[in-house]
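Reader: I'm new to this one. Can you walk me through what is in front of us?
Author: Sure, let's take it piece by piece.

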Amino acid sequence: MSYNYKVFTKEMKKDYTILVPNMLPIHFKVLDKVLKDNGFNIEFLEDDVNEIIDEGLRNANNDICYPAMIVIGQFISALKSGKYDLDKTAVLMTQTGGGCRASNYIHLIRKALENSGFQDVPAIGLSVSGIEKHPGLKLSPTLIVKAFYGVLYSDLIMCLYNKIKPYEVNKNETDMVLEKEIKYLNNSLSIFNCFKVNKISKHIVKSFNNISINKTDKIKVGIVGEIYMKYSRMGNNHLEEFLIKENAEVVQSGLLDFINYCLINAIVDNKLYNKSKVKAILSKFAYKFILRQQNKINNTIKRYSSFDAPESFENVRKMADEYIGYGVKMGEGWLLVSNMIELIHQGANNIICAEPFGCLPNHIVGRGAIRKIMDKHPNANIVVIDYDPSQSKINQENRIKLMLSNANLNIYL
Ligand code: SF4
């Protein structure tokens, strides 16, 4: 099953629909256009119904981590829906190549496809390290460059949306600007334009800055945790919408910070375990390049808006120093700890740590570090919320409401 997988060929690329689970609504809308422009007929799966969890439970080992269960459920449920020509459909999942189960999803997906009678549907494992070879999925340098800038600008849009939405005066104005800016981005991401970071980010920042807001006192709540739980609406039961309804401002780091974390890990692998020096040098180069682009964006936020810009990732990285070693890099590893300290520095000391069932790495670094963080930062109000198929949404929301009422008390004490 691992080695005799069905290969996605060049011929398939022409007329196959490729199903991909949606994790970040803003980013994936931007990436959708980039991929379609390069000949990939991608469809991001948005469905968010209980049957998906049931399919996941039926088709995955019940001790597998919750994100794996959800994506398997989404694939099987989509294939069963009758919406797709099964002779012209493939499924795609990214693989980190790291030590946690994120590197094994693809094998679990293939097993689930086979057990459900979809063994002829190709399952594509996409990884930067090229664990699998699929000739139909060659990502051209142009596509990679456009996708990178797409993520950079999407991080900016997500950051501004989170800062403005809770304070908007005219209902849904922020959502309208969001849609407008995604359209603007889709038109701007040509290979000749995409790297004009100052110009594009200025347009986006100015558009969001024009939204009328009423800057009342609201509780800032940071979301950290396993990447899928942190961002996916289906995974975290629409956590962000819930927090906005509860009168809070959401603070979340962008997707590029996770990529920065992976790049640092490649450098650490070389230092600690004598792994590839070439990979470490290339990662260092890529890391510095990303930092420069992020700094340009942060300068634009400072110059053209009244909002605080995110901290440079290089400073965020160092925030983990006192708490955890850089060798702890399974799952979100040291990034989870850095993210929590960063939030506290930003004044978002109310933190939700979103933990999926079956995720040993993040339970260790998340729960494991909280005591030490709270010892050093007594004002931190951190709550771990577990996500699994048997957790009721009401219980999760009640725990978050308790955290919010503690946050309210802290304001008046
Ligand atoms: S980080 Fe945890 S939840 Fe995510 S893939 Fe790895 S084991 Fe699963």
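Reader: Start with strands β1 and β3. In which sense do they pair?
Author: Parallel. Strand β1 covers residues 17–21 and strand β3 covers residues 89–94, and three bridges link them. Keep in mind that this is a predicted model.

Reader: Which residue of β3 is the bridge partner of Thr17?
Author: Thr89.

Reader: And what packs on that sheet?
Author: Helix α2, residues 25–37, packs on the sheet and touches β1 and β2. Its direction makes about 165° with that of β2. Helix α5, residues 105–115, packs on the sheet too, touching β3 and β4. The direction of α5 makes about 175° with that of β4.

Reader: In what order do the strands of that sheet come?
Author: The order is β2-β1-β3-β4. These four strands form an open sheet with parallel pairing.

Reader: Which strands stand at the edges?
Author: β2 (41–45) and β4 (123–126). Each has a single partner strand, so one side of each is left without a neighbour in the sheet.

Reader: How are neighbouring strands turned against each other?
Author: By 30° on average, direction ignored.

Reader: Now β5 and β7. How many bridges join them?
Author: Five. Strand β5 spans residues 219–225, strand β7 spans residues 350–356, and they run parallel. One bridge partner to look up is Asn350 in β7, which goes with Val221.

Reader: Does a helix come into this part? Which one packs on the sheet?
Author: Helix α14, residues 333–345. It touches β5, β6, β7 and β8, and its direction makes about 170° with that of β5.

Reader: What is the strand order there?
Author: β6-β5-β7-β8. Four strands form this open sheet, and the pairing is parallel. The edges belong to β6 (248–251) and β8 (381–387). Each of those has a single partner strand, so one side of each lacks a neighbour in the sheet. From one strand to the next, the twist averages 30°.

Reader: Switching topic. Which domains is the chain divided into?
Author: Domain 1 is 10–136, and domain 2 is 217–253 + 310–412.

Reader: How far apart are their C-alpha centres?
Author: The centres of domain 1 and domain 2 lie 27 Å apart. The two domains are in contact: 24 residues of domain 1 with 20 residues of domain 2.

Reader: There's a ligand too. Which residues are around it?
Author: Cys65, Pro67, Cys100, Arg101, Ala102, Tyr105, Glu226, Gly331, Glu332, Pro356, Cys359 and Asn362.

Reader: Which domains does that shell draw on?
Author: Domain 1 and domain 2, with at least three residues from each.

Reader: And how many of the shell residues are nonpolar, polar or charged?
Author: Seven are nonpolar, two polar and three charged.

Reader: Last topic, the whole chain. How many helices and strands has it?
Author: 16 helices and eight strands.

Reader: What is its radius of gyration?
Author: The chain has 21 Å. A compact globule of 413 residues would be near 22 Å, so the two agree. Along its principal axes, the C-alpha trace spans about 60 × 50 × 50 Å.

How values were computed. Residues numbered from 1 in each chain as written. Predicted model: local features only at pLDDT ≥ 70, side-chain atom pairs only at ≥ 80, totals over all residues. Heavy atoms only, no water. Pairing = 2+ DSSP bridges. Helix = DSSP H or I, 4+ residues; strand = E, 2+ residues; numbered from the N terminus. Axes fitted to C-alpha atoms, helices over the stretch in contact; angles between N-to-C directions. Contact = heavy atoms within 4.5 Å. Near = heavy atom within 4 Å. Nonpolar A, V, L, I, M, F, W, Y, C, P; charged D, E, K, R; others polar. Domains from an automatic or database assignment. Rg over C-alpha atoms; globule rule 2.2 N^0.38 Å.
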